[in-house]
Amino acid sequence: MAIAANLGFPRIGARRELKTAVEAYWKGSLSEQDLAAEGARLRARHWRIQRDAGIAAIPSNDFSFYDQVLDTTAMLGAVPERFGPLRGTVTPDQYFAMARGTKDAPAMEMTKWFDTNYHYIVPEFTDGQAFRLGALKPVEEFLEAKALGIQTRPVLLGPVTWLSLGKAKDAGVDPLALLPQILPIYAEVLLRLRDAGADWVQIDEPILVTDLSGAQRTALRTACAELAGIGPKIMLASYFGALDDNLDLALSLPTAGLHLDLVRAPDQAAQVLAAGTDKVLSLGLIDGRNVWRADLAKALDLAQAAAGGHGADRIQIAPSCSLLHVPVDLAGETELDGELKSWLSFATQKLDEVVTLTRALNGADVLAELAEDAAAVASRRVSERIHDPKVKARSAAVTAADFTRKSPYATRRTAQAARLNLPAFPTTTIGSFPQTDEVRRARADHRKGTLSDAGYDAFLKRETEACIRRQEALGLDMLVHGEFERNDMVEYFGEQLAGYAFTRLGWVQSYGSRCVKPPLIFGDVSRPRPMTVAWSAFAQSLTDKPMKGMLTGPVTILQWSFVRDDQPRSETCRQIALAIRDEVADLEAAGIRAIQIDEPAIREGLPLRRAEWDAYLTWAVEAFRLSASPVRDDTQIHTHMCYSEFNDIMPAIAAMDADVISIETSRSDMELLRVFGDFEYLNAIGPGIWDIHSPRVPSEGEMTGLLRKAASVIPAERLWVNPDCGLKTRGWPETEAALRNLVAAAKALRRGDLSPLPIEGRKALEQTGCLCGHAHV
């Protein structure tokens, strides 16, 4: 008989209990023992939810206090020297320091996990790298579940994916060459799991759905050959796409099982059956990345075809990937209307879908469940709430002229310089300022009705004016209004757009303790009325300095929402772009001289296969240009991107044609900026010189050094000075201290001689190593 399996469960808790506990620990108000106890309570609850739902293969070690990649780094003892020596096992303080940094040690880099909005901590590899067993978390949590009477399938991030996601910090270091050093540690963990009673282990190698190099293929063969047979049976898990040209490789690896993502790549089930295999096949039939109820009849057809050709006793039914990427439980959404709620499925409900499919495949009577599902799927398909003919007609009427600014950048730059009158190295921030406890309380009181609309409006105006006065006192050149009225950079806009719906407890983890509550795009999107104009105009009325209008871009709104799956994502994105375009035009008409359209998710949305890049980048760039193009030459368009590798998409970034782009560069010591110099990017750039995701305040000298590196790559007249990202999560004391140093660094460079270097000179400086922060012979 087939069994029901799960690859991972959301770790944050239905009410973000993990966030509360971790942040209390960071503040010193929760002890290490109490933090560990809260983690154990969450794990026990989640294991029981899965057991009670009927899941047979229940994951363990899918829990993390911060990030599963960082957990693997700790397991392998790969702690960078700046966080102190490894004595015994990695301590909690050492673990969190790697993620967040300390006063003296910058945090490790952070970037997006494949094409999701989840962030992971990037492993670092140095010359002379050494590894040792630094944590036994996989074994400890397996035994913890066993003590509760629950047999679990431990999850390990595979060695080749871990190495592939890491970054060499010294020249000449090949991450994959480190495989022989880490395999003995994996082997020891597997042996300990075997001795503890584990019969299966899930090893995640999502790198299998990407374009693999020859070295990666060899590494996968080597790793599986060494690890298979020495411990529990291995379920090799691939997800986020199709195996495609890696299918034969995956089938040839000596593992007992293979997990397939049949949501993103349903055709690969037939390909695997045609190729023939004796492996246990885990069929990922329930979408682990989105919140829409599954079409169980369609999924059951796939499952039955697989069982008919392979045998039900060698089939597992599962979500497409870990349920980390969806909210915990739909039951708490008491404010959603019944029809919309019937279309949805969160993690807990997805377990039920997995079990229903498994029972149906095994011949159980689930006709009532299948009928209920079919009715909900049909209701969503024909609902008039979804389709707006006016929106579709406007989208279809877009022409090539709608994607283009009136003049090229060189002309616009002159017009903007005359209108804005900014100094060299102009200083600004990315948008948000600290959302203090007082701000959050006022928002909560307003939602509850205990603070009137007038009272809340007056409070927000006071906060906005105070923020502007702080910026003026600090000496910033281009100001922002602080965004105190906004709960989230996507949810805030979604609340004002047609075609959106919102949850009360639909939280998902973005990184560490940072959670987001993505809105739901269920229908055609339009803008009924202006969204930000009143606040931007109010803020501009308080100061003579230019005030940036702050918008989230169409691709990011798309990527950071749960998107409807009944039409191409490109069409939904174009609809959002037209809504943002209307807002841009209204901001300009209200006298706003600079408008920032944030697109941190452009790189994140890039398909995992290069063959699919061009199609995606074409519609993504068109969406940005559609939103940004209606303004005059002297209105300055900014955009922001963070925590991404830009090397492969520079032509697309240039094609966006923003007047100013700000990017995250401080964690990489300006390394990310080098690609802009190599590409000879012609528009203005603001490389971040303050890592706002770390509690440390960089000194003026540190910031000045980063700016000097930046000026070695990008001509000084095109450099802006800004933090890496928005300041929503920081406190006012550290914010003011860091911004004071940032402004001082900009002034220091204004006093110095930083005339533009020729391209050849900049490239020569890069080759000598002065831009990457490492000594070269």
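Here a student and a tutor talk through a predicted model and the terms used to describe it.

Student: What should I know about the model before we start?

Tutor: It's predicted, so local features need pLDDT of at least 70, side-chain atom pairs count only at pLDDT 80 or more, and totals for chains, interfaces and linings use all residues. Residues are numbered from 1 along each chain as its sequence is written, and side-chain values use heavy atoms, with hydrogens and water left out.

Student: How many helices and strands are there in the protein?

Tutor: There are 28 helices and 22 strands. Both are DSSP runs numbered from the N terminus: H or I over at least four residues for a helix, E over at least two for a strand.

Student: Why is the protein called as compact as a globular protein of its length?

Tutor: Set its radius of gyration, 26 Å, against the globule rule, which gives 28 Å for 777 residues; the two are close, so the description holds. The radius is taken over C-alpha atoms, and the rule is 2.2 Å times the number of residues to the power 0.38. Along the principal axes, the C-alpha trace spans about 75 × 65 × 50 Å.

Student: What percentage of the protein's residues is buried?

Tutor: Of the 777 residues, 62% are buried. Buried means under 20% relative accessible area, exposed over 50%, and partly exposed in between (1.4 Å probe, protein chains only).

Student: What makes Arg16 partly exposed?

Tutor: Its relative accessible area is 23%, and that falls between the 20% and 50% cut-offs, so partly exposed is the right label. Arg16 sits in the loop between strand 1 (3-4) and helix 1 (17-27), and has a positive phi of about 60 degrees despite not being a glycine.

Student: Why point out the phi at all?

Tutor: Because most residues other than glycine have a negative phi.

Student: Is Glu483 buried or exposed?

Tutor: Buried: its relative accessible area is 11%, which is under the 20% cut-off. Glu483 also has a positive phi, about 65 degrees, and lies in the loop between helix 18 (453-474) and helix 19 (491-494).

Student: Why is helix 3 called largely enclosed by the rest of the structure?

Tutor: Eight of the eight residues in helix 3 (residues 68-75) are buried, so the phrase fits. Among them are Val69, Leu70 and Met75, along with the charged Asp71. What covers the buried residues of helix 3 includes helix 4 (92-100), strand 4 (119-121) and helix 7 (179-196).

Student: How do you know that Val675 is buried?

Tutor: Its relative accessibility is 11%, so it counts as buried. Val675 belongs to helix 25 (residues 674-679). Leaving aside neighbours within four places in sequence, Val675 is in contact (heavy atoms within 4.5 Å) with Phe646, Asn647 and Met650. Phe646 is 29 residues away along the chain, and its C-alpha atom is 7.2 Å from that of Val675.

Student: What makes Leu251 buried?

Tutor: At 15% relative accessibility, Leu251 counts as buried. Leu251 is in helix 9 (residues 247-252), and its contacts, again leaving aside neighbours within four places, are Leu258, Val272, Ala275, Thr277 and Lys279.

Student: Which domain does UniProt place at residues 5-305?

Tutor: An unreviewed UniProt entry gives "Cobalamin-independent methionine synthase MetE N-terminal" there; such annotations may be inferred rather than shown by experiment. Over residues 5-305 the chain is 41% helix and 14% strand, with the end C-alpha atoms 19 Å apart.
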